[in-house]
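Thanks for coming, everyone. Take a look at the screen, and I will walk you through the contacts.

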Amino acid sequence: MSSMSNKTFAEKCYSILLKVPEGKVTTYKDIAHALDSKAYRAVGMAMSKNPNIPTVPCHRVVCSDGSLGGYALGVPRKAQMLKDEGIDIRSGAVSDLDNFRYRFT
DNA sequence: TATTTGACCAAGA
DNA sequence: ATCTTGGCCAAAT
């Protein structure tokens, strides 16, 4: 049998992130919130440990203010991928984040 | 077990 | 609008 908590916090983050479709983004805070947690910093840690790129679309996770946050393969790559999905990036941030934000609930 | 580390966030001396 | 600060929490050390 599996251990008592068969999913780590990081694994839960990856699961929830898989729901975010191409052309949409989410934020570190929103993922934490979806997990009924305030551990938004820990969400960033989980992304940095990098599951399989691009199976788990961690390039779609940005900061609450629309700035891009980080990316294991470099922020410029993250920006390009988002643009390729049709997301408007201006001055290193998602413009009109509210329009591109995916809602979990 | 205790401390340190981060792809964060909100408020504002 | 930008920068600093204190707080946040899971994982790694």
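**Two DNA strands, one protein surface**

Helix α3 gives the largest share of the surface near DNA strand B, seven residues. Helices here are DSSP runs (H or I, at least four residues), strands are E runs of at least two, and both are numbered from the N terminus.

Some ground rules. This is a predicted model, where local features need pLDDT of at least 70, side-chain atom pairs count only at pLDDT 80 or more, and totals for chains, interfaces and linings use all residues. Residues are numbered from 1 along each chain as its sequence is written, chains are lettered from A and ligands numbered from 1 in the order in which they are written, and side-chain values use heavy atoms, with hydrogens and water left out.

Stay with strand B. It has 16 residues around it, and the closest are Tyr28, Lys29, Arg41, Met47 and Ser64. Near means a residue heavy atom within 4 Å of the strand. Of the strand B atoms that come within 4 Å of the protein, 44% are sugar and phosphate.

Which atoms of DNA strand B do Arg41 and Met47 approach? Both go to bases. A polar side-chain atom of Arg41 sits 2.9 Å from a base nitrogen. Met47 uses a polar backbone atom, 2.8 Å from a base nitrogen. Ser64 goes to the phosphate: a side-chain N or O atom is 2.7 Å from a phosphate oxygen of DNA strand B. For these polar contacts, the cut-off is a pair of N or O atoms within 3.5 Å; within protein, one must be able to donate a hydrogen and the other to accept it, and residues adjacent in sequence count only if both atoms are side-chain atoms.

Now strand C. Around it are Thr8, Phe9, Ala10, Lys38, Ala39, Arg41, Ala42 and Lys49. Here 65% of the strand atoms within 4 Å of the protein belong to sugar or phosphate, and the rest to bases. Helices α1 (9–17) and α3 (40–48) each supply at least two residues of this surface.

Backbone first. A polar backbone atom of Phe9 is 2.6 Å from a phosphate oxygen of DNA strand C. For Ala10, that backbone-to-phosphate distance is 3.2 Å. Arg41 appears again: a side-chain N or O atom is 3.0 Å from a base oxygen of DNA strand C.

Last, Thr27, in strand β1 (residues 26–27). Is Thr27 buried or exposed? Buried, at 0% relative accessible area. Buried means under 20%, exposed over 50%, partly exposed in between, with a 1.4 Å probe and protein chains only. The Thr27 side chain also reaches the backbone nitrogen of Asp30 at 2.9 Å.
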